[in-house]
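Here is a short guided look at charged side chains and how they pair up. Take a moment with the sequence and the structure, then read on.

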Amino acid sequence: MVLVRALPRVAVQQTRAFAAVRAKHTLPPLPYAYDALEPSISKQIMTLHHDKHHQAYVTGLNAAEENLQKAQAQDDVPAQINLQPALKFNGGGHIIILLARRRHESWEHHDFAELPLIKLFWKNLAPTGSKETSPPTSGAFADQIKKDFGSVDELINQMNAKTAAIQGSGWGWLGYDPKAQRLQIITTANQDPLLTHAPIIGIDIWEHAFYLDYQNVKADYLKNIWKVINWAEAESRFGAASA
């Protein structure tokens, strides 16, 4: 009887101890200057997107996790349920992408397996005119693009069309399905992460990602963002996912 009554107190103490030592999420620095993507994406947008919007996800996620741990420690199930929307929204913008259908060790431990959604987006881009912004012309990634889409231009056309068709906010993705062994275009709503494919290229279609530069003309934003897509990073992700 004593043991049965003591166990919940031990569990609560362990939960509280974990909460006390849990490291908070922090805003990562951009891997390039705020004006490095101009004229495709302005310094103003990059500053607001990174310093304000991404920071808001970090702050919101830390608060939601702290409140969740308090609710767990108090065995407050209704409070835990009520926190799920905040965790999903802020977590979708910042926390770890949990990749489904992991096939190889190289995929599971590759960088994108631990990249938050928005952090993946920052690494997804490269400074204007840099060598990383040149699409692949040879190699396994180039061959896969040709096999699945016919050409880089056709890939871009199809991805832009599907991304532009998103109603409201969301993301357009070039993902790799290791089971089918092919590249596919997928869209996700709001902050929902890509769980069915390895993310190769992601395009943020939330208005804060483009509105100050392009207003309501999504087509121009989608056309110009490809000028700063980091194809070298995409090729690296593909290599890990398809190994």
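## A buried charged pair

E233 has a relative accessible area of 15%, so this residue counts as buried, the cut-off being under 20%. Its partner is R237: the two side chains meet in a salt bridge, with 3.1 Å from N to O. How accessible is R237? R237 is buried too, because its relative accessible area is 0%. Please keep in mind that this is a predicted model.

Where do E233 and R237 sit? Both belong to helix α11, where four residues, or about one turn of the helix, separate them.

## The helix around the pair

Helix α11 covers residues 231-242, which makes 12 residues. From its first C-alpha to its last, α11 reaches 16 Å, close to the 16 Å expected at 1.5 Å a residue. E233 and R237 have buried company in α11: W231, A234, F238, A240 and A241 are buried as well.

What caps the N-terminal end of α11? That role falls to N230, which places a side-chain oxygen 3.2 Å from the backbone nitrogen of A232.

## A network of three residues

Side chains of opposite charge can pair when their charged atoms come close. How many salt bridges are there in this model? The count comes to three. Besides the pair in α11, there is a network of salt bridges that links K24, E66 and K70.

Start with E66 and K24, which form a salt bridge whose closest N and O atoms are 3.6 Å apart. This pair links distant parts of the chain, as the two residues are 42 residues apart. E66 lies in helix α2 (residues 43-73), while K24 lies in the loop between α1 (2-21) and α2.

Now turn to E66 and K70, which also form a salt bridge, here with the closest N and O atoms 3.7 Å apart. Helix α2 holds both K70 and E66, and they are four residues apart, about one turn of the helix.

## Accessibility in the network

How accessible are E66 and K70? E66 has 33% relative accessibility, so E66 counts as partly exposed. K70 is at 44% relative accessibility, and therefore K70 counts as partly exposed too. In α11, by contrast, E233 and R237 are both buried.

How values were computed
Residues are numbered from 1 along each chain as its sequence is written. This is a predicted model: local features need pLDDT of at least 70, side-chain atom pairs count only at pLDDT 80 or more; totals for chains, interfaces and linings use all residues. Side-chain values use heavy atoms; hydrogens and water are left out. The expected span of a helix is 1.5 Å times one less than its number of residues. Buried means under 20% relative accessible area, exposed over 50%, partly exposed in between (1.4 Å probe, protein chains only). A polar contact is a pair of N or O atoms within 3.5 Å; within protein, one must be able to donate a hydrogen and the other to accept it, and residues adjacent in sequence count only if both atoms are side-chain atoms. A salt bridge is a side-chain nitrogen of Lys or Arg within 4 Å of a carboxyl oxygen of Asp or Glu.
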